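Biologist: Could you take me through one part of this model up close? I'd like to hear about the charged side chains and how they pair up.

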Amino acid sequence: MKRDTVVVKRLSDRALPYIFIGPAVILITLLAIVPLFYSLYISLLNYNLSLPSSMIRMTGLDNYKYMLTNGPFMKSIGWTLVFTFFTVLLNVTLGMLLALMLNNEKVSKRTKIFKSLFILPMMLAPVVSTTMWKIMFGAIYGPINYLMQSLGLPAVAWTGETLPAKIAVIIIDVWGATPFCMLILIAALQTVPRDIYESAFMDGANRFKVFFKITLPLIRNFIALVVSLRVMDALKIFDSIMILTDGGPGDSTETMGTMIYKTAFRYMNVGAGSAGAMIFFVIIIVVTLIFLKLIRNDRQ
């Protein structure tokens with residue numbers, strides 16, 4: 001009897017981890033892995049929603065060839081990478097400056113209310129924040145152009161010209177994502193022992209030297225986390241583009257996400273859209289691996 005009890009207990013101990021992780025594995029399989037392989041399958045088909053289902057047939061890699069030779073799609077890849085570079089750079093830089101300011105004991109006591117105000121952009125849905133910015137960037141009645149004209153500067157067609165439209169998209173993303181970087185970097189700065197700073201100042205080190213020689217090395221893991229999360233998030237930019245410019249003027253602000261969406265659902269070419277999504281998936285993996293490689297080399 002005791003032996004049977006021991007056997008049952010051993011079996012239950014072995015099965016318990018699988019019981020706990022089972023629902024999560026099933027959920028991930030249904031919501032991530034199955035759609036991924038289904039998208040891969042569709043990308044190999046001549047699948048157009050404007051044509052009858054009887055015309056669906058296997059075409060192999062034709063959809064991939066079409067997307068990789070599609071000028072607007074290739075242009076969208078370049079703009080997405082440029083957008084990611086500038087937004088992440090500004091996010092981390094501004095987030096670090098704000099974190100340093102709010103982490104200062106003398107300043108933080110007088111600016112507690114600003115911590116809440118800085119977090120507000122994170123609390124707004126992208127649709128809401130982009131709509132708000134769209135009103136502010138209005139060419140005729142927008143507050144930004146009104147302020148520029150009050151200062152003697154010419155009004156700018158923010159969504160009607162290529163460079164201003166790109167700048168406007170970057171501003172919106174920086175405004176919305178910088179608080180996230182700031183919060184993580186504030187937590188990172190608070191992990192640095194105060195004794196190290198006191199010793200460095202006693203040895204005659206100035207604030208810049210302390211920051212670059214002590215602070216940055218001690219919080220580089222947090223910085224790597226922030227940058228990696230922001231890179232993956234910036235590559236997926238979609239909402240603000242669709243609401244503010246819809247990829248315009250022309251196709252100058254089209255990103256990979258908007259091009260894939262339009263190809264699949266506006267132009268009804270689901271097969272080509274799925275191929276673009278798979279290419280997008282590979283690009284994200286490659287960029288992430290390159291970034292992780294750079295971090296690993298930096299730590300050695």
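Modeller: Sure, and keep in mind that this is a predicted model. Let's start with D246 and R266, whose side chains meet in a salt bridge, 3.0 Å from N to O. D246 sits in the loop between α12 and α13, while R266 belongs to helix α13, so this pair ties together parts that are 20 residues apart in sequence. As for how open they are, R266 is partly exposed at 41% relative accessibility, and D246 is partly exposed too, at 30%.

D246 has another partner: K262, with the closest N and O atoms 3.6 Å apart. K262 is in helix α13 (256-266) and D246 in the loop that follows α12 (239-244), so here the parts being tied together are 16 residues apart in sequence. Unlike D246, which is partly exposed, K262 is buried, with a relative accessible area of just 3%. That value falls under the 20% cut-off for buried.

Now follow K262 onward. This lysine also forms a salt bridge with E254, and there the closest N and O atoms are 2.5 Å apart. E254 counts as buried as well, at 5% relative accessibility. Put the shared partners together and you get one network joining D246, E254, K262 and R266. The general idea is familiar: side chains of opposite charge can pair when their charged atoms come close. For the wider picture, the structure holds six salt bridges, including the D246–R266 pair we began with.

Note on methods
Residues numbered from 1 in each chain as written. Predicted model: local features only at pLDDT ≥ 70, side-chain atom pairs only at ≥ 80, totals over all residues. Heavy atoms only, no water. Salt bridge = Lys/Arg side-chain N within 4 Å of Asp/Glu carboxyl O. Helix = DSSP H or I, 4+ residues; strand = E, 2+ residues; numbered from the N terminus. Buried < 20%, exposed > 50% of the residue type's maximum accessible area, 1.4 Å probe, protein only.
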